[in-house]
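Please open the model in your viewer and keep the selection panel at hand. The stops below go from a single residue to a pair of helices, then to another residue and the whole chain.

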Amino acid sequence: MNVEEFRSGLRKWLDENDLTPGPDHSLQGHMLQFLRVSRALYDADWMRYGWPVEVGGLGGPAVLRAVVGEEVVGRRLAEPGPYSMLEVLTPTMIDYAPPELAAEMVPRLLRGEEQWCQGFSEPGSGSDLASLTTRAVQDGDNWIVNGQKVWTSFAQFSTRCILLTRTAPGHDGITAFFVDLDTPGITIRPLRTMHGVDEFCEVYYDDVVIPGSRMLGKPGDGWNLAMDLLPYERSSCFWQRIAYLYSRFDALIAEVSGGNKHGGHDEYDLGAAYLALHTLRCRSRATQHRLRDGARLGPDTSIDKVLLSSAEQQLYDTVRDLLPGVLELDETPWRSEYLYSRASTIYGGTAEIQRNIIARRLLDLGKE
Ligand SMILES: Cc1cc2nc3c(=O)[nH]c(=O)nc-3n(C[C@H](O)[C@H](O)[C@H](O)COP(=O)(O)OP(=O)(O)OC[C@H]3O[C@@H](n4cnc5c(N)ncnc54)[C@H](O)[C@@H]3O)c2cc1C
């Protein structure tokens with residue numbers, strides 16, 4: 001299908017079908033709104049394009065998904081955080097889940113019947129993910145899991161989790177499971193972030209029984225699964241976030257030109273923020289096209305991640321500078337957005353780790 005025809009059809013449909021969010025701006029409100037939007041888009045088929053037929057999709061290039069995300073998030077019908085989980089977790093299920101499990105579960109995610117989360121990080125294992133210690137021990141047809149995860153985004157709203165466990169020493173001893181979060185032995189405790197939202201959770205696993213049929217790949221495939229998943233978390237899921245940042249850039253311009261709360265360098269600062277956003281968008285567009293052409297995403301997505309975090313933080317630094325006192329004194333969304341922008345150099349792998357990957361794996365500069 002022609003991308004521009006697809007986009008204009010979608011725009012027409014969105015104009016005719018009012019999915020404007022309600023008054024609840026809490027995180028729970030955002031989650032429910034995302035489910036509502038997903039269901040409406042799935043039932044009208046828009047959410048199915050760009051995904052394989054075997055998992056409820058209608059086929060076509062992945063770039064069609066990017067168009068849907070861009071239109072939906074750019075119009076502020078859904079927030080970029082919940083939306084991004086779909087783009088991060090679905091490709092992994094398609095590649096690693098037994099085909100009948102993917103066929104059963106993925107449509108539930110695409111249709112907004114469920115939310116899923118990603119259980120990778122642990123208190124002592126973030127950047128050094130390979131050191132994770134949550135154990136899975138085989139017991140007949142089942143596996144028994146014990147351990148703790150942390151920073152699991154949206155776990156309190158999720159039905160299932162893609163979980164990394166240790167089944168043997170070393171990188172080859174990491175095994176992934178698709179876990180139902182209502183299984184006995186799982187305790188989810190939300191954590192409050194500095195921007196005042198319970199976005200992520202500690203998740204405890206105490207003698208949790210997981211059927212062997214829920215293993216993703218084979219025992220020991222977990223590291224490869226993580227290495228395949230992370231490039232999505234570092235690139236393709238950004239397309240809608242960029243649309244969101246553009247909408248906030250426009251809002252900043254409207255606010256700056258409508259009031260007197262600014263100093264003398266507005267044009268320079270706005271131009272620099274726009275340049276960072278535009279550079280990110282060009283890079284992200286190239287990534288979307290590589291995905292469309294069937295490329296396997298890899299360490300080169302660390303460039304997308306560094307550009308995203310730099311552009312996002314520069315945009316909100318510009319908000320701070322051009323709207324003096326607003327972040328500090330006023331109860332507007334700018335404050336929580338500014339604080340959240342600080343997380344962009346942490347989630348999905350920190351900025352330092354991305355620069356290490358660029359140096360070692362793209363520039364071949366060796367270890368530090
Ligand atoms: C908003 C948000 C959402 C998240 N959601 C999820 C989620 O859904 N699921 C999940 O599993 N995780 C999630 N995370 C966790 C995230 O993946 C980790 O925070 C991240 O990988 C960093 O790990 P860490 O916090 O343990 O920091 P550490 O690894 O302890 O790093 C601390 C500091 O040391 C630096 N550092 C560490 N190693 C090196 C090195 N070798 N060279 C140079 N510098 C280094 C880091 O860059 C960082 O500045 C989320 C995090 C955030 C902020």
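Where is Phe-154 found? Select Phe-154 in this predicted model, and you will see that this residue is found in the loop between E3 and strand E4, the latter covering residues 160–166. With the residue still selected, check its backbone: Phe-154 has a positive phi of about 65° although it is not a glycine. As for its surroundings, Phe-154 has a relative accessibility of 3%, and because buried means under 20%, Phe-154 counts as buried.

Step back along the chain to Trp-151, which lies in strand E3, residues 142–153. Here, too, the backbone deserves a look, since phi of Trp-151 is near 60°, a positive value in a residue other than glycine.

Next, select helix H3 (residues 63–74) together with helix H4 (residues 80–96), and orient the view so that both axes can be seen: these come within 11 Å and cross at roughly 170°. That crossing angle makes H3 roughly antiparallel to H4, because angles over 145 degrees count as such. Now show the side chains where the two helices meet, with Arg-65, Val-68, Gly-69, Val-72 and Val-73 on the H3 side and Pro-80, Tyr-83 and Glu-87 on the H4 side. Colouring this contact by residue class gives five nonpolar, one polar and two charged residues.

Move on to helix H5, residues 99–110, and pick out Ala-102 within it. At 3% relative accessibility, Ala-102 counts as buried. Leaving aside residues up to four places away in sequence, display what Ala-102 touches, namely Val-55, Met-93, Ala-97 and Pro-107. For a distance label, take the C-alpha atoms of Ala-102 and Thr-92, which are 9.6 Å apart in space while the two residues are ten apart in sequence.

Finally, zoom out to the whole chain, which has twelve helices and eight strands. Its radius of gyration is 21 Å, close to the 21 Å that the globule rule gives for 368 residues, so the chain is as compact as a globular protein of that length. Along the principal axes, the C-alpha trace spans about 70 × 50 × 40 Å. Buried residues make up 51% of the 368 residues, and, among contacts with a separation of 6 or more, 71% are accounted for by residues 24 or more positions apart. If you switch to a surface view, the chain exposes about 16300 Å², of which carbon and sulfur atoms supply 53%.

Terms used
Residues numbered from 1 in each chain as written. Predicted model: local features only at pLDDT ≥ 70, side-chain atom pairs only at ≥ 80, totals over all residues. Heavy atoms only, no water. Helix = DSSP H or I, 4+ residues; strand = E, 2+ residues; numbered from the N terminus. Buried < 20%, exposed > 50% of the residue type's maximum accessible area, 1.4 Å probe, protein only. Contact = heavy atoms within 4.5 Å. Axes fitted to C-alpha atoms, helices over the stretch in contact; angles between N-to-C directions. Parallel < 35°, antiparallel > 145°, perpendicular 65-115°, else oblique. Nonpolar A, V, L, I, M, F, W, Y, C, P; charged D, E, K, R; others polar. Rg over C-alpha atoms; globule rule 2.2 N^0.38 Å. Areas by Shrake-Rupley, 256 points an atom, 1.4 Å probe, with all protein chains shown as cover.
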